[in-house]
Amino acid sequence: MDEKINENEKIAYDFEKHWDNAYEKSPITNLGWYEENPLPSLQLIEDCNLPKEALIFNAGAGATTLIGELLAKGYVNIVVNDISSAALKELENHLPPYKNAHIQFLVDDLTNPSELLKLKNIDLWHDRAVLHFFTEQNQQKAYFDLLKKAVKPKGYVILAEFNLEGAKKCSGLDVFNYNEEMLQERLGTDFELLKSFDYTYIQPSGNTRAYVYTLFQRKS
């Protein structure tokens with residue numbers, strides 16, 4: 001029994017190292033998921049009509065430009081997460097001054113959380129291109145268990161993942177593709193789908209990636 005456990009530990013993939021390497025080896029503007037303008041996310045966030053002090057959680061943020069855009073729009077209470085400390089250092093280095101806002105940076109694993117377990121009363125959970133990297137059932141369960149624990153009643157969830165026609169790999173890793181029905185099933189009946197659309201993202205290289213963007217709201 002112990003030998004089997006040890007063997008499983010050996011083959012466990014080091015995602016932290018993978019994403020640290022990605023951010024340390026290339027300028028962020030060359031990364032395949034870099035968005036100069038995160039317009040689809042911003043449009044869905046505006047649809048939520050959140051107060052500026054609402055607690056916004058960005059799951060697997062990487063070095064996203066979204067946080068800077070949210071600060072520019074006056075949002076003042078943001079929790080930024082990634083498994084890669086290198087990614088969050090890049091993000092923090094590129095942010096405009098935010099002395100009137102509270103931003104918390106959390107290096108943690110969404111599928112094996114520690115600090116993230118303290119999250120509560122989230123008004124908006126935002127995930128672009130993170131969930132689809134969790135290909136194992138236990139990873140997906142841990143992710144959604146965390147989300148359901150953290151998001152408050154009437155809170156919102158934005159999930160933007162590779163759709164069923166989208167790429168099967170990204171950054172050398174396998175992905176798990178979704179449509180809106182699959183995301184609804186994972187969230188369960190406590191969440192209502194408010195909006196969904198397919199979106200073709202153009203990478204810095206000029207290649208395209210097919211996404212499904214969804215906006216859900218938790219029921220009271």
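**Group meeting: a walk through a predicted model**

Good morning. Let me start with one residue, Gln-140. Leaving out residues up to four places away in sequence, Gln-140 touches Phe-134, Thr-135, Phe-176, Tyr-178 and Arg-186. Gln-140 lies in helix 6, and it counts as buried because its relative accessibility is 6%. One of its partners, Phe-176, is 36 residues away along the chain, and the two C-alpha atoms are separated by 9.9 Å.

Please keep in mind that this is a predicted model. The average pLDDT of the protein is 89, and 87% of the residues score at least 70. Residues 1-11 should be read with caution: pLDDT stays under 50 there, and the model has 0 contacts for them beyond four places in sequence.

Now to the overall composition. The protein has 7 helices and 9 strands. Of its 220 residues, 49% count as buried. Among contacts between residues at least 6 apart in sequence, 68% join residues at least 24 apart.

I turn next to the interior. In soluble globular proteins, nonpolar side chains tend to be buried together. Here the largest nonpolar core has 36 residues, and those with the most contacts inside it are Leu-50, Ile-67, Leu-70, Val-80 and Leu-124. At least two residues of this core come from each of helix 3 (39-47), helix 4 (66-72), strand 2 (77-82), helix 5 (85-94), strand 5 (151-162) and strand 9. A second, separate core has 28 residues, including Phe-57, Ala-59, Val-151 and Val-212.

What does Leu-124 contact, its neighbours within four places in sequence aside? Its partners are Ile-45, Cys-48, Leu-50, Leu-55, Ile-56, Phe-57, Tyr-156, Val-157 and Ile-158. Leu-50, another of the residues with the most contacts inside the largest core, is thus among the partners of Leu-124.

A polar residue also deserves a place in this part of the talk. Asn-81 is found in strand 2, and at 0% relative accessibility it counts as buried. Beyond its neighbours within four places in sequence, Asn-81 is in contact with Phe-57, Asn-58, Ala-59, Gly-60, Ala-61, Gly-62, Leu-88, Leu-106, Asp-108, Leu-110 and Leu-116. Phe-57 therefore appears once more, as does Ala-59, and the cut-off for calling Asn-81 buried is under 20% relative accessible area.

Let us move to the aromatic residues. The count comes to 10 aromatic pairs. Phe-57 and Trp-125 form a tilted pair, with 4.6 Å from centre to centre and 55° between the planes. Phe-57 lies in strand 1 (residues 56-59) and Trp-125 in strand 4 (residues 122-128), so this pair ties together parts that are 68 residues apart in sequence. Both Phe-57 and Trp-125 are buried. Phe-134 and Tyr-143 form a tilted pair as well, at 5.8 Å centre to centre and 50° between the planes. Phe-134 is buried, and Tyr-143 is buried too. Phe-134 is also one of the residues touched by Gln-140, where I began.

Ring pairs further link Phe-162, Phe-197, Tyr-199, Tyr-201, Tyr-211 and Tyr-213 into a cluster. Tyr-201 has a charged partner: the charged end of Arg-128 sits over its ring, 4.7 Å from the centre. Elsewhere, the charged end of Lys-52 sits over the ring of Tyr-75, 4.2 Å from the centre.

Next, the pairing of two strands. Strand 8 (residues 191-202) and strand 9 (residues 208-218) pair in the antiparallel sense over 11 bridges. Where does Phe-191 have its bridge partner in strand 9? The partner is Arg-218. There are 5 residues between the strands of this hairpin, and Gly-206 takes a positive phi near 100°.

Two residues other than glycine also have a positive phi, and I would draw your attention to both. Ala-129 has a phi of about 65° and lies in the loop between strand 4 and helix 6 (137-150). Because its relative accessibility is 14%, Ala-129 counts as buried. Lys-154, with phi near 70°, is found in strand 5. At 49% relative accessibility, Lys-154 counts as partly exposed.

To close, I return to the interior: the largest nonpolar core of this predicted model has 36 residues, and a second, separate core has 28. Thank you for your attention.

Terms used. Residues numbered from 1 in each chain as written. Predicted model: local features only at pLDDT ≥ 70, side-chain atom pairs only at ≥ 80, totals over all residues. Heavy atoms only, no water. Pairing = 2+ DSSP bridges. Helix = DSSP H or I, 4+ residues; strand = E, 2+ residues; numbered from the N terminus. pLDDT = per-residue confidence, 0-100. Contact = heavy atoms within 4.5 Å. Core = buried A, V, L, I, M, F, W, Y, C linked by side-chain atoms within 4.5 Å. Buried < 20%, exposed > 50% of the residue type's maximum accessible area, 1.4 Å probe, protein only. Phe/Tyr/Trp six-rings, centres within 6.5 Å; stacked < 30°, edge-to-face > 60°. Lys NZ or Arg CZ within 6 Å of the ring centre and 35° of its normal.
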